[in-house]
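Let's take a walk through this one, from the empty space inside to the sheet and the helices around it. Have the model open while you read.

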Amino acid sequence: MQKVLVMGGTGVMGAHLVPQLINLGFKVDVVSLEHKESTNPNLRYFKCDIKDENNLKILLKNEYNAIVDFMIYGTEEFKNKCDLFLNNTDQYIYLSSYRVYADAKGFITENTPRLLDVSTDTHYLASDDYSLHKARGEDKLIASGKTNWTIVRPTITYSNQRIQLTCLEGNTIINRSRLGKPVVVSKDAMKARTTMTWGGDVAKMISRLVLNKSAMGEAYTTATAEHHTWTEIAEYYKELIGLKYVEVNTDEFLSIKSDEPYDNYRWKVIYDRVYDRMIDNTKILNAAGMKQSELMPLYDGLKRELANLPQNIFASMEYSNRMDEFLIKKGLL
């Protein structure tokens, strides 16, 4: 049996990917920081810190046919690991992000210019923001001289482990909803169109790329073609969990989260969430042998995942308190 290593295999995408790979007949090893047991002889879990290069080298002695990597590395960290991955497997699947794309003014394809290549914002380019270090990781693979890699660029991927509204994470959304308190959102972002794709669909797409010869040396945006404004998505949350929201200008929204003039949260808002993010997913559907009609509609997927939320969800009280202070000051709470 061909062996696949999934690094970070218990997260939003990995948790769906592992059973897909098992069903396709692969022997799968999963690495995460969580302790898990398996009753399937073709599935093993390893609890270890894969960021430790000694642990990684020991693991790679298992001679995997493919590696699917959901880990997050800074630019320099990935430079040090890239050749190690490429030299120890037949295919290395690198998790990038749709956030690498610049403002497309229309549908995004895999050939849409990247922010790293076209931005003139010196503060942004001097950072190692997620959208930049993912693009720099792509460049490292391309410059390697090898082609045994595949880049995947998921859009916002949701499951009961991760729910989002613009830049707000599920822990904030769910906790404030349960308390009957509104969340504060950026008015500019709420007007933008976005693409949210169910984790099970993204996993299925990735599974079809594993050891697919036509996927070598290629990049794919793993996404549905369905898109909505953030306002439409907020109204889904309102119907499904009673969420209330207050729209403010973007600078006010950013001031609630941080007092820093330049940080990754700001870049996430102004270089992604206020952009229209509509995806032409023709390339990945063709490679995966899938049809758009097979993919989970957003409303149905959110309804399903919100119905399966854990009872106890940890949320940052500091952020929630700052949101309360802002709303009180504005006379909105």
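What volume does the largest cavity have? About 30 Å³. Keep in mind that this is a predicted model, and every value here is computed from it.

**Empty space**

Rolling a probe the size of a water molecule over the atoms shows where empty space is left. Searching the whole structure turns up one cavity of 30 Å³ or more. Its walls come from Leu254, Ser258, Glu260, Asp263, Tyr265 and Arg266. Sorted by class, that lining has two nonpolar residues, one polar and three charged.

Then there are the pockets. Here they are next to the cavity:

| Space | Volume | Lining by class |
|---|---|---|
| Largest pocket | about 590 Å³ | 10 nonpolar, nine polar, four charged residues |
| Second largest pocket | about 170 Å³ | four nonpolar, three polar, three charged residues |
| Largest cavity | about 30 Å³ | two nonpolar, one polar, three charged residues |

The largest pocket has 23 residues in its lining, and the ones nearest its centre are Met13, Ile72, Leu95, Tyr130 and Arg162. Strand S8 (156–158) and helix H12 (264–273) each put at least two residues into that lining.

H12 turns up again at the second largest pocket, where H12, strand S10 (168–169) and helix H7 (170–179) each supply at least two lining residues. The full lining there is Cys167, Leu168, Glu169, Asn171, Thr172, Lys257, Tyr265, Lys268, Ser316 and Tyr319. Tyr265 is worth clicking on: it lines the second largest pocket and also the largest cavity.

**The sheet**

Now for the strands. Seven of them form an open sheet with parallel pairing, in the order S3-S2-S1-S4-S5-S7-S14. Strand S3 (43–47) and strand S14 (218–220) sit at the edges with a single partner strand each, so one side of each has no neighbour in the sheet. On average, and ignoring direction, neighbouring strands are turned by 15° against each other.

At the S14 end, strand S7 (residues 149–152) runs parallel to S14 and is joined to it by three bridges. If you want a spot to look at, find Thr150, which stands opposite Glu218 in S14.

**Helices on the sheet**

Two helices are good to follow across these strands. Helix H2 (residues 53–60) lies across strand S1 (3–7), strand S2 (27–32), S3 and strand S4 (66–69), and runs at about 160° to S1. Helix H3 (residues 75–86) lies across S1, S4, strand S5 (91–95) and S7, at about 150° to S5. So which strands do H2 and H3 both lie across? S1 and S4.

Two packed helices are described by the angle between their axes and the distance between the axes. For H2 and H3 the angle is about 10° and the axes are 11 Å apart. H2 and H3 are therefore roughly parallel to each other. Glu53, Leu56, Lys57 and Leu60 are the H2 side of the contact, meeting Asn80, Lys81, Leu84 and Phe85 in H3. By class, that contact has four nonpolar, one polar and three charged residues.

**One last residue**

Finish at Ala287, which lies in helix H13 (residues 282–288). Leaving out residues up to four places away in sequence, Ala287 touches Arg208, Leu209, Asn212 and Tyr220. Thr120 is 167 residues from Ala287 along the chain, and their C-alpha atoms are separated by 34 Å.

How values were computed:
Residues are numbered from 1 along each chain as its sequence is written. This is a predicted model: local features need pLDDT of at least 70, side-chain atom pairs count only at pLDDT 80 or more; totals for chains, interfaces and linings use all residues. Side-chain values use heavy atoms; hydrogens and water are left out. Two strands pair if DSSP finds at least two bridges between them. Helices (H or I, at least four residues) and strands (E, at least two) are DSSP runs, numbered from the N terminus. Axes are lines fitted to C-alpha atoms, for helices over the stretch in contact, and angles run from 0 to 180 degrees between N-to-C directions. Contact means heavy atoms within 4.5 Å. On a 1 Å grid over the protein atoms alone, a cavity is a set of points where a 1.4 Å probe fits but cannot get out, and a pocket is an open set with protein on both sides within 12 Å along at least five of seven lines; lining residues have an atom within 4 Å of a point. Grid points are joined across faces, edges and corners, and a volume is the space filled by probe spheres set on the points. Ala, Val, Leu, Ile, Met, Phe, Trp, Tyr, Cys and Pro count as nonpolar, Asp, Glu, Lys and Arg as charged, and the others, Gly among them, as polar. Angles under 35 degrees count as roughly parallel, over 145 as roughly antiparallel, 65 to 115 as roughly perpendicular and the rest as oblique.
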